[in-house]
Each structure stands twice: as structure tokens, then as C-alpha cells.
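Open your viewer, switch to a cartoon view and keep the selection box handy. We'll go from stop to stop, picking residues and saying what sits there.

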Amino acid sequence: MLNFSTVFIITILAFLAAVAGTVLSYIFIVPEKKRAQLKAFFRLIHDIFNFKFLIIEKVLQAMYIFTSLFLVCYGVLLLFGFDIYPWGGFYWHGGRGLLIAILGPIFCRLTYEGLMMLILLVKNVIQINNKLKSSDDSETNLFSVPQWEKKAAKEAAPVEAPAAEAPVAQAPRFCIKCGSVLNEDGTCPNGCE
């Protein structure tokens, strides 16, 4: 049996080892630029630490299979179970066993499907985010024009010589009394003052 001081020392050592492991993993494993230099096992660790894939999907799948098989086996075994009362009667558990064997996997499936829908939603959001990042690395604006379209537009546009600046035409001015267009010198052609 471990005494308090041994447990305390083990806890401190485990904490220090975890801090050291975290610092080393952030230096040597987690950065994206280091991934190409890593061996296969450390690439897997890199992908796990950077959440490149979701482990919970496979864990939930295994838990679903186990839970469904357990409910069916438990329900079938309850078909053969009964209690004998001291006063002479007995109680058969077959009805409860049938309900568990039939309805249990159905409710189990519905529960796990709901959880998997949430996980698939997260996976799809991650995939969409990755596609947006790969299509336009400089900006993350959803409404921006991707770089390849900008490049294609520059290549397709004919190069024109700059045109000489045309004189800017002034908007016509009108007489405030009669509303007719004023002469170039600013006087009314109708003689209004």
C-alpha cells in the first residue's frame, strides 16, 4: 500500500514529466513545418495532436457494437430466467427480456446516430474550412475572389495603351427664374437677371 508521501512524490514527478512532454511536443512534433521531417509514428502523433482526424468516431462505433450485442444477449438470457418465490409461485423475466432484446438495440442505434450526426457535422465543417483555406491562403473572406480567378482575369484582359485624358465636360447650368440652359458666359438667353 502506498503512503501519502509516496503518492505525493509520484504526483509531482508525473506533473513535471507532463510539462516537459508538452514543451517538447510543441517544439518538435506539433508545428506544421516539422511534419515532413517526422517518421511515420511521429506523423501519426502529429496528426492526433493537431486533430487532423477524429478518434471519437471509431470509439463510438465500437461502443455501439458492444452495447447492441450486450442488450441482445442480455435480453435473450432473460428469456430463460425466472424467480421462484418461497410461497410457491414464480416470476418469468421473458417479457422484459423480449423488450430489451428488441427495443434496446433500436434505442441504442438512435442514440448513437444522434452522436454520429454531430461528429459528421464537425467533420464536414473541418473539410469545408480546409477547402476554403486551400483555395485562398491570403484571405479568409468567404466573399473574396479566389487567387486563380484574379490571375485568370489578369491574363485574359487585353493590355491597352493608356488613353489621353479627355476634357471633362461640365454639367449644364440652368437659369433659376425661367429654367433655360445658361450661355457659356453664365447669362440667361431669355434676358432674365
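Two residues count as in contact here when they have heavy atoms within 4.5 Å. Keep in mind throughout that this is a predicted model.

**Stop 1: Leu71 and the core**

Select Leu71 and show what surrounds it. Leaving out residues up to four places away in sequence, Leu71 touches Ile100, Ala101, Gly104, Pro105 and Cys108. Now add Leu60, Cys108, Tyr112 and Ile119 to the selection: together with Leu71 they form the largest nonpolar core, which has 5 residues. Which elements give two or more residues to this core? They are α3, running over 56-79, and α4, running over 94-135. The biggest share comes from α4, with 3 residues.

**Stop 2: the whole chain**

Zoom out and colour by secondary structure. You should find 5 helices and 2 strands, in the order α-α-α-β-β-α-α from the N terminus on. Colour by accessibility next: of the 193 residues, 15% count as buried. The chain exposes about 16,300 Å², and carbon and sulfur atoms supply 70% of that area. If you like contact maps, take the contacts between residues at least 6 apart in sequence: 29% of them join residues at least 24 apart.

**Stop 3: a nonpolar patch on the surface**

Select Phe4, which is found in helix α1 (residues 4-28). Is Phe4 buried or exposed? At 69% relative accessibility, Phe4 counts as exposed, because the cut-off for that word is over 50%. Extend the selection to Phe8, Ile9, Ile12, Leu13, Phe15, Leu16, Val19, Val23, Leu24, Ile27 and Phe28, and you have a nonpolar patch that includes Phe4. Put a surface on the patch: its residues have about 1,200 Å² of accessible area together. As background, nonpolar side chains in soluble globular proteins tend to be buried together.

**Stop 4: the loop between α1 and α2**

Move on to Lys34, in the loop between α1 and α2. Not counting residues up to four places away in sequence, Lys34 touches Ile27 and Phe28, two residues you have just selected as part of the patch. Lys34 is partly exposed, at 25% relative accessibility. Draw a C-alpha to C-alpha distance from Lys34 to His46: the two are 12 residues apart in sequence and 9.2 Å apart in space.

His46 brings you to helix α2 (residues 40-49), where Ile45, His46 and Asp47 are buried. Step past the end of that helix to Phe51, which follows α2 and has a positive phi, near 55°.

**Stop 5: salt bridges**

How many salt bridges does the count come to? The count comes to 4, and we'll visit some of them.

- Select Asp47 and Arg35. Their side chains meet in a salt bridge, 2.9 Å from N to O. Asp47 sits in helix α2 and Arg35 in the loop between α1 and α2, 12 residues apart. Asp47 is buried, with a relative accessible area of 13%, while Arg35 is partly exposed at 27%.
- Select Lys52 and Glu32. This salt bridge spans 3.3 Å, N to O. Lys52 is in the loop between α2 and α3, Glu32 is in the loop between α1 and α2, and 20 residues separate them. Both ends are partly exposed: Lys52 at 45% relative accessibility, Glu32 at 47%.
- Select Glu57 and Lys123. Their closest N and O atoms are 3.1 Å apart. Glu57 lies in helix α3 and Lys123 in helix α4, so the pair ties together parts 66 residues apart in sequence. Glu57 counts as buried at 18% relative accessibility, and Lys123 as partly exposed at 28%.

**Stop 6: a pair of cysteines**

Last, select Cys178 and Cys188 and show their sulfurs. Why is there no bond from Cys178 to Cys188? The cysteine sulfur closest to that of Cys178 belongs to Cys188 and is 3.6 Å away, too far for a bond, because a disulfide needs the two sulfur atoms within 2.5 Å. Cys188 is therefore in no disulfide either, and a search of the whole structure finds 0. Compare the surroundings of the two: Cys178 is partly exposed, with a relative accessible area of 38%, whereas Cys188 is buried at 10%.

How values were computed. Residues numbered from 1 in each chain as written. Predicted model: local features only at pLDDT ≥ 70, side-chain atom pairs only at ≥ 80, totals over all residues. Heavy atoms only, no water. Buried < 20%, exposed > 50% of the residue type's maximum accessible area, 1.4 Å probe, protein only. Core = buried A, V, L, I, M, F, W, Y, C linked by side-chain atoms within 4.5 Å. Helix = DSSP H or I, 4+ residues; strand = E, 2+ residues; numbered from the N terminus. Patch = residues over 30% accessible without salt bridge, like charges linked within 9 Å, V, L, I, M, F, W, Y side chains within 5 Å. Areas by Shrake-Rupley, 256 points an atom, 1.4 Å probe, with all protein chains shown as cover.
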